[in-house]
Amino acid sequence: MIRLFVGLGNPGPEYEQTRHNAGFWWLDALARELKLNLTADKSYHGLVARTSIQGQSVWLLAPQTFMNLSGKSVAALANFFKIPPQEILVAHDDLDIVPGEAKLKLGGSHAGHNGLRDIHAQLGTDQYWHLRLGIGHPGNRAEVLHWVLKKPVLDHRIAIDQAIDRTLKALPQFLTGDMEQATRLVHTSKPPRPGKPKPVTTPAQPPATNDT
């Protein structure tokens with residue numbers, strides 16, 4: 001089962017609504033689902049909540065180290081409680097997925113994501129679960145930093161929030177360790193396709209008359 005749920009982001013009100021904080025948004029939604037409150041814990045360099053499910057401790061963690069030092073926080077908690085990487089799920093923003101979609105996988109490249117890069121280094125492995133929340137790509141590599149640190153447009157934010165809600169439907173599977181079914185649920189929960197726009201009709205014009 002997943003014993004440590006991590007959401008990645010940057011602390012501080014100036015970053016709260018930025019795309020790079022999609023992992024924080026997901027963890028906040030999970031905390032609401034489990035009726036938990038995240039509180040600061042200096043020992044683990046983050047905001048932490050703990051609960052017991054089926055006799056097993058389950059942790060929620062939002063690192064407060066800034067993104068590029070996320071691994072410092074994750075490793076501190078995981079090592080202290082002897083949680084193996086395969087029992088860790090990290091929710092994070094992903095440029096290669098469109099807003100409204102999400103992907104779940106075990107292991108894999110950090111793909112340039114600085115939070116994942118540091119977690120890889122601190123845990124010494126990539127073999128933890130990645131919950132990839134699509135934020136879309138600006139289309140220009142030079143614009144990526146500005147893109148992730150900017151607030152998404154309303155339509156994108158709504159789509160991301162809807163994806164978060166759908167992925168939480170896999171929570172029972174996360175907690176029982178049925179990751180095959182969890183993956184199926186996350187991957188088959190596609191956002192609805194937008195309907196075709198209705199044709200624009202112009203009102204009929206009255207027949208022309210000749211006034212004499």
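Here are some notes on the predicted model, point by point.

1. **Ground rules.** Residue numbers start from 1 along each chain as its sequence is written, and side-chain values use heavy atoms, with hydrogens and water left out. Since this is a predicted model, local features need pLDDT of at least 70 and side-chain atom pairs count only at pLDDT 80 or more, while totals for chains, interfaces and linings use all residues.

2. **Confidence.** The chain averages a pLDDT of 90 (the predictor's confidence in each residue, from 0 to 100), and 89% of the residues score at least 70. The stretch to skip is residues 193-212, where the pLDDT is below 50. Beyond near neighbours in sequence, that stretch has 0 contacts in the model (contact means heavy atoms within 4.5 Å). Where pLDDT is low, the predicted coordinates should not be read in detail.

3. **Overall layout.** The chain has 7 helices and 7 strands (DSSP runs numbered from the N terminus: H or I of at least four residues for helices, E of at least two for strands). Starting at the N terminus, the order is β-α-β-β-β-α-β-β-α-β-α-α-α-α. Of the 212 residues, 45% are buried (under 20% relative accessible area with a 1.4 Å probe, protein chains only; exposed is over 50%, partly exposed in between). Among contacts with a separation of 6 or more, 68% join residues 24 or more positions apart.

4. **The strands in the middle of my notes, β5 and β7.** Strand β5 (residues 88-94) has 7 of its 7 residues buried, and β7 has 6 of its 6 buried. Both faces of β7 are covered, with Trp 129, Leu 131 and Leu 133 on one side and His 130, Arg 132 and Gly 134 on the other.

5. **Who pairs with whom?** Pairing here needs at least two DSSP bridges between two strands. β5 pairs in the parallel sense with β1 (residues 4-7) over 4 bridges, Gly 7 being the bridge partner of Ala 91. β5 also runs parallel to β7 (residues 129-134), over 6 bridges; Leu 89 is matched with Trp 129 and His 92 with Arg 132. β7 has an antiparallel partner as well, β6 (residues 102-106), over 5 bridges, and Ala 102 bridges to Leu 133 there.

6. **Nonpolar cores.** A nonpolar core is a set of buried Ala, Val, Leu, Ile, Met, Phe, Trp, Tyr and Cys residues joined through side-chain atoms within 4.5 Å. The largest one has 37 residues, and Phe 5, Trp 26, Leu 89, Leu 104 and Phe 174 have the most contacts inside it. Helix α1 (residues 22-34) gives the most, with 8 residues. A second, separate core has 19 residues, including Val 48, Met 67, Val 74 and Tyr 128.

7. **Two residues to click on.** Leaving out residues up to four places away in sequence, Phe 174 touches a list that includes Met 1, Ile 2, Phe 5, Trp 26, Leu 89, Leu 104 and Val 186. Leu 27 sits in helix α1 and is buried, at a relative accessible area of 0%. Its contacts beyond four places in sequence are Phe 5, Val 6, Gly 7, Leu 38, Leu 60, Leu 61 and Ala 62. The C-alpha atoms of Leu 27 and Val 90 are separated by 9.4 Å, with their positions 63 residues apart along the chain.

8. **Helix α3.** In α3 (114-123), the buried residues are Gly 115, Leu 116, Asp 118, Ile 119, His 120 and Leu 123. These pack against α2 (70-80), β5 and β7. Just after the helix, Gly 124 takes a positive phi of about 75°.

9. **Positive phi outside glycine.** Most residues other than glycine have a negative phi, and most peptide bonds are trans. Gln 54 has a positive phi of about 55°; it lies in the loop between β3 (46-53) and β4 (56-63) and is exposed, with a relative accessible area of 66%. Ala 111 has a phi near 50°. The loop between β6 and α3 holds Ala 111, which is exposed at 62% relative accessible area.
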